[in-house]
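Please open the structure in a viewer and keep the sequence panel visible. The tour below proceeds by selection, stating at each stop what is to be found there.

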Amino acid sequence: MKKLIFLLILSYSSTAYTASVNDISWYTEEYPPWNYTENGELKGYYVDVLLELWKKVGIDKTKDDIKVIPWARGYHYLKTDPNTALFSMARTEEREKLGILWVGPLETNKRTAIFAKKAKNYKFDSIEQVNKEFSKGGIGSVNKIGSLNKGATGQIFLQIGGSPKALHRVNTVDQLFGMLESGRVSAITYNYANALYVMKKLKMKPSEYEVIYYMSPPKTGGYFGFNKDTDPALIETLQRALDELWQEGTIDKYYQEYNLK
């Protein structure tokens, strides 16, 4: 019955809107445990929730309709292609200014942080102290904080008062963590739960690293992002469906399956 209601909402919209539902291109990145490929299969918390969301509103798509690409490319598509959705995304001030539309949140304990080797023995009580330490060196200095190009954690760092001079931008997750491990950067910005997962995957030793500064409080959420020209009726329909998935316990089920609590 609930599925029928959503289908009726779609049917009363314009033909152009109906086409947009099925013509949306869905993009994600390798960002375990939220979304990732394993033995050639796309998996992850967001992937499973999206499949449930599609089923709820009667969208006939499968995992094969989700394209895994570098984040910077997906972010570019999101800004320039009206028929684009990208996940998983944090809602930052910079992205709000772009007019990105949102369906979410999906995360209940997301927290971004700055990580470094314990041996560095960093102690920070404020973002000003962080800036003072990592803005000392010039271009090419290893005394920098690595951050993904166009990534949310770098944007959050700047949003809370971090200095651009403290950051060293890189393009891939493996590059980011590899530079941290080799000492080519002194610290990195990343999501807490994801960082531990990536370290284990890359056979790093999480016990040798620590959070030296938390950048955002718990429960900052996570979203499916849509190009600003996406039909608002589509966004409203998907949001209602997601709200129902929360009420039915589906979101919590997948959260527990991926050991995210």
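**Two cis peptide bonds**

Begin by selecting P33, which is located in the loop between β1 (25–28) and β2 (36–38). Helices (H or I, at least four residues) and strands (E, at least two) are DSSP runs, numbered from the N terminus. The peptide bond leading from P32 to P33 is cis, its omega being near 0°.

Before proceeding, please note that this is a predicted model, in which local features need pLDDT of at least 70 and side-chain atom pairs count only at pLDDT 80 or more, while totals for chains, interfaces and linings use all residues. Residues are numbered from 1 along each chain as its sequence is written, and side-chain values use heavy atoms, with hydrogens and water left out.

Next, select G104 and P105. A cis peptide bond joins these two residues, with omega about 0°. P105 belongs to the loop between β6 (101–103) and β7 (112–117).

**The whole chain**

Now select the entire protein chain and colour it by pLDDT, the predictor's confidence in each residue, from 0 to 100. The average for the chain is 87, and 89% of the residues score at least 70. Over residues 4–19, however, pLDDT stays under 50. For that stretch the model has 20 contacts beyond four places in sequence, where contact means heavy atoms within 4.5 Å.

A cartoon view of the protein chain displays 11 helices and 12 strands. Of its 261 residues, 49% count as buried; the term buried means under 20% relative accessible area, exposed means over 50%, and partly exposed lies in between (1.4 Å probe, protein chains only). The accessible surface of the chain comes to about 12600 Å², with 50% of it belonging to carbon and sulfur atoms. These areas come from the Shrake-Rupley method with a 1.4 Å probe; for residues, only the protein chains shown count as cover. Among contacts between residues at least 6 apart in sequence, 72% join residues at least 24 apart.

**Two buried strand residues**

Select T84, in strand β5 (residues 84–89). T84 is buried, with a relative accessible area of 0%. Which residues does T84 touch, not counting residues up to four places away in sequence? They are I24, S25, Y27, Y77, L78, G225, F226 and N227.

Move next to V170, in strand β9 (residues 167–170). V170 has a relative accessibility of 2% and therefore counts as buried. Leaving aside neighbours within four places in sequence, V170 is in contact with S147, L148, N149, Q175, L176 and M179. Add G146 to the selection: V170 and G146 are 24 residues apart along the chain, and their C-alpha atoms are separated by 6.9 Å.

**Three loop residues**

Select N121, in the loop between β7 and α6 (127–134). N121 is not a glycine, yet its phi is positive, at about 60°. Is this residue, N121, buried or exposed? At 51% relative accessibility, N121 counts as exposed.

Continue to K150, which is found in the loop between β8 (145–148) and α7 (152–159). K150 also is not a glycine and has a positive phi, of about 70°. Its relative accessible area is 33%, so K150 is partly exposed.

Then select G140, in the loop between α6 and β8. With a relative accessibility of 68%, G140 counts as exposed. A distance label between the C-alpha atoms of G140 and R184 should give 9.1 Å, although the two residues are 44 apart along the chain.

**A pair of helices**

Finally, turn to helix α10, where A241 is found. A241 is buried, having a relative accessible area of 0%. A241 and V103 are 138 residues apart in sequence and 9.7 Å apart in space, C-alpha to C-alpha.

Two packed helices are described by the angle between their axes and the distance between the axes. Select α10 (residues 232–248) together with α11 (residues 250–257): their axes come within 4 Å and cross at roughly 70°. Axes are lines fitted to C-alpha atoms, for helices over the stretch in contact, and angles run from 0 to 180 degrees between N-to-C directions. The helices α10 and α11 are therefore roughly perpendicular to each other; angles under 35 degrees count as roughly parallel, over 145 as roughly antiparallel, 65 to 115 as roughly perpendicular and the rest as oblique.

Show the side chains of L242, L245, W246 and E248 on α10, and of T250, I251 and D252 on α11, for these residues make the contact.
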